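Please read this briefing alongside the sequence and the coordinates. It takes up strand pairing before turning to the surface.

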Amino acid sequence: MVAGRTVLVTGVSRDLGRTFARTLASDPTVDRVIGVDVIPPRGDLGDVRFVRADIRNPVIAKVIAREDVDTVVHMSVIATPGSAGARGTMKELNVIGTMQLLAACQKSEQVRQLVVKSSTIAYGASSRDPAMFTEDMEPRRPARSGYSKDVIEVERYVRGFARRRPDVTVTLLRCANVIGPRVVSPLTSYFRMPVIPTVLGFDPRLQFLHESDLHRVLRHAVLEDKGGTFNIAGDGLMVLSQALRRMGRSNLPLPGFAFGGLGSALKSARVADLSPELVAFLTYGRGVDTTRMREELGFEPDYTTVEAFAEFVSTLPPPPRRAEKALAAVAEQLPPVDEDRPAQLSPAGGRHG
Amino acid sequence: MGDAEIIPIGTRGPQGRGTGTRPSSAARGLAPKGGAQRGADAKQPPAKRTPAKKAPAKKSAAPAEARDEARDEARPVVDEHPHDRPSVVPPPTSEQTSEQASRAAAARTEDRSPLAGIPVGDWLAAFQHASKELFGDQWEPQLARMIAFTRRRITGDYSVDEYGFDQEVTERFFMAALRPIAQKWFRIEVRGVENIPAEGGALVVSNHSGTVPLDGLMTMVSIHDQTGRHLRPLGADLVFRLPMVGTLARKSGATLACSEDAERMLRGGELVGVWPEGFKGIGKPFSDRYKLQRFGRGGFVSAALRTGVPIVPLSVVGAEEIYPLVGNVPSLARLLGVPYIPITPLFPWLGPLGLVPLPSKWLLEFGEPIRTDEYEPGAADDPMLVFNVTDQVRETIQQTLYSLLMQRQSVFR
């Protein structure tokens, strides 16, 4: 670790990128942090220097050269078009932006490290999936469109860059769905709906990563200088029905085809964006193996899947939970009993693997 | 019920042998204890209840007066629970009084407002009684346990493993539902259960039959009841594509039959079940019963070789006869995307009744484990070796099937 590093962070206009850039700037081993995005960030950037630049054009190469950037953190592979515009813009930003950024990095002599925040959506979701994906596995049904295709293409470019510049440490972090009180994503807006639609007859397995753990793992990757592809997720899994029960929200099971139609209706109503990838995820679920994260990257998340979700739920308005209260009242009249739940599964699925 | 308050029969009307103040000894002898009230209450006109209500005031003062009044009213009874009865049923002190009280209460429902509802005390008594009936004398802890379970379920305070296995609900519901079918309907007899390792990974390989994969479910419940271990079945991807079925399969411990999941489970020390014949096995015609089909591509052997776990061959006799498959509708099956549409002697002719499996007698025999940890590390990549081990497992199961069929007296016994 050489003191006085200069880190370039892309995608700082969004909350996750902005807060990460800020925490990185406060680190003593990091000299300067430069934030790059097309639109200015809404919140406070702290010590981060903001450069308004579009990573889709070669200006980014000049920024990297002028500022003597040695570490690039690429966080602007986005799942929602949001304020950036329509799906076309999103694809441009994701794929062309990554291409330009990687081209600039390849040109630059100073760049020593590249950290890319990818997503487990690269594995897709289908009925033929193995229970837990390891880093070497390919998606069973390659995505033909949408965000998951963007992610796969971005990863392909990143691998190509790693081949061409073996001297640069390339860390590809495939993060599970990030959840937390401040996260705005298709999945969190889905969970914030008053009545939550589900796919009838399917109970997907979910895995979450707390937003603070996302910051920690990115920082860890920047400081530790370990190359490779890593799955990043909280320990354990939970199924959707369990998550909904923990929230105490009512749900509305819909047959698969109606669920897809509802997705587009909700999107036009701007309530939630149930994209085809999210629909597949909410039908079949996905689990990723985090052995390599623990053993090679040396990172340990603070929050398990269940804890991360619990913290997200605690920021939502509390549900009535009438049935639970009634049962609690009856239980108080009865003598206490020792727990008779199965002992084997105590810490949410265990952490073997 | 004091004697003084009862005006027994024979004290009314023209003076007989009785004195009017005291019934004759014969009358006293005839009067059953409390029996007088029964007749009187039944006869009592609904509107005339005032004397009864006045009674307690006079009861202590002058029993004679009360009796006079009773005579005027032409009813020989004085109510001993006058005021409180319409509202609260008194706590039963003895069998007799409670019987009377309930009778009296039943006779007087007409003056109660229907809006008054059932008093809390009644609810509690009924609830306690029902709980005792349901859970026996230990009803309180039993009920508390049940409530604790229900609360856990509705608040989501339970855990699933990485394959989506929900142990609690499997043990409490799925196993409990399948157990009577296994024990009472198919009368499953399990042999060689000592061949299943008590701990650590092992691969149970079984023949597959019966049109509907009931043999898998029955094997799961039998192994759980005999050894306490959960069999983790590997299912075809069709299972996980179907709504409900896929979810239930994951909750009960199944996962997709692919080498990644199989090896992962075996490394995790699970007891994994596999049916290598797949749909060729369960969908074969009845005439081919007990003839093993091709054992897939031997993927299960590679998984066992890579993880070094023993292979336990399992032969199931009886499952072939539950739904004798005599016909198939291939075109419809193709249209629906399923491997076959079964036609059995009873299905679809009898409709839902045709779905009831025939009560054949089942025999499950676990064979001697085949060790795989003695081969050299690269053995799983040697196709010849994999084929040989596959054939060995297949032959073992086939031979055991023949010997079990010889021992069987008939299909149903």
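**Strand 4 of chain A and two surface patches**

In this predicted model, strand 4 of chain A pairs with strand 5 of chain A in the parallel sense, and the pairing runs over 4 bridges. Strand 4 of chain A is also joined to strand 1 (residues 5-10) of chain A, again in parallel, by 3 bridges.

Strand pairing and burial in chain A

- On the side of strand 5 of chain A, H74(A) stands opposite V116(A), while on the side of strand 1, L8(A) has V72(A) in strand 4 of chain A as its bridge partner.
- In a regular strand, side chains alternate between the two faces of the sheet.
- Strand 4 of chain A (residues 71-74) is covered on both faces, with T71(A) and V73(A) buried on one side and V72(A) and H74(A) buried on the other.

Positive patch on the surface

- A surface patch of positive charge brings together R128(A), R141(A) and R144(A) with R241(B).
- Within this patch, R141(A) lies in the loop between strand 5 (113-119) and helix 4 (146-164) of chain A, and R141(A) is partly exposed because its relative accessible area is 40%, a value between the 20% and 50% limits.

Nonpolar patch on the surface

- I181(B), W185(B), W349(B), L350(B), L353(B) and V356(B) make up a nonpolar surface patch of about 590 Å².
- One of these residues, W349(B), sits in the loop between strand 8 (342-343) and strand 9 (363-366) of chain B, and W349(B) counts as exposed because its relative accessibility is 58%, where exposed means over 50%.

Key
Residues numbered from 1 in each chain as written. Chains lettered and ligands numbered in written order. Predicted model: local features only at pLDDT ≥ 70, side-chain atom pairs only at ≥ 80, totals over all residues. Heavy atoms only, no water. Patch = residues over 30% accessible without salt bridge, like charges linked within 9 Å, V, L, I, M, F, W, Y side chains within 5 Å. Areas by Shrake-Rupley, 256 points an atom, 1.4 Å probe, with all protein chains shown as cover. Salt bridge = Lys/Arg side-chain N within 4 Å of Asp/Glu carboxyl O. Lys, Arg positive; Asp, Glu negative; His and termini not counted. Charge placed at Lys NZ, Arg CZ, Asp CG, Glu CD. Buried < 20%, exposed > 50% of the residue type's maximum accessible area, 1.4 Å probe, protein only. Pairing = 2+ DSSP bridges.
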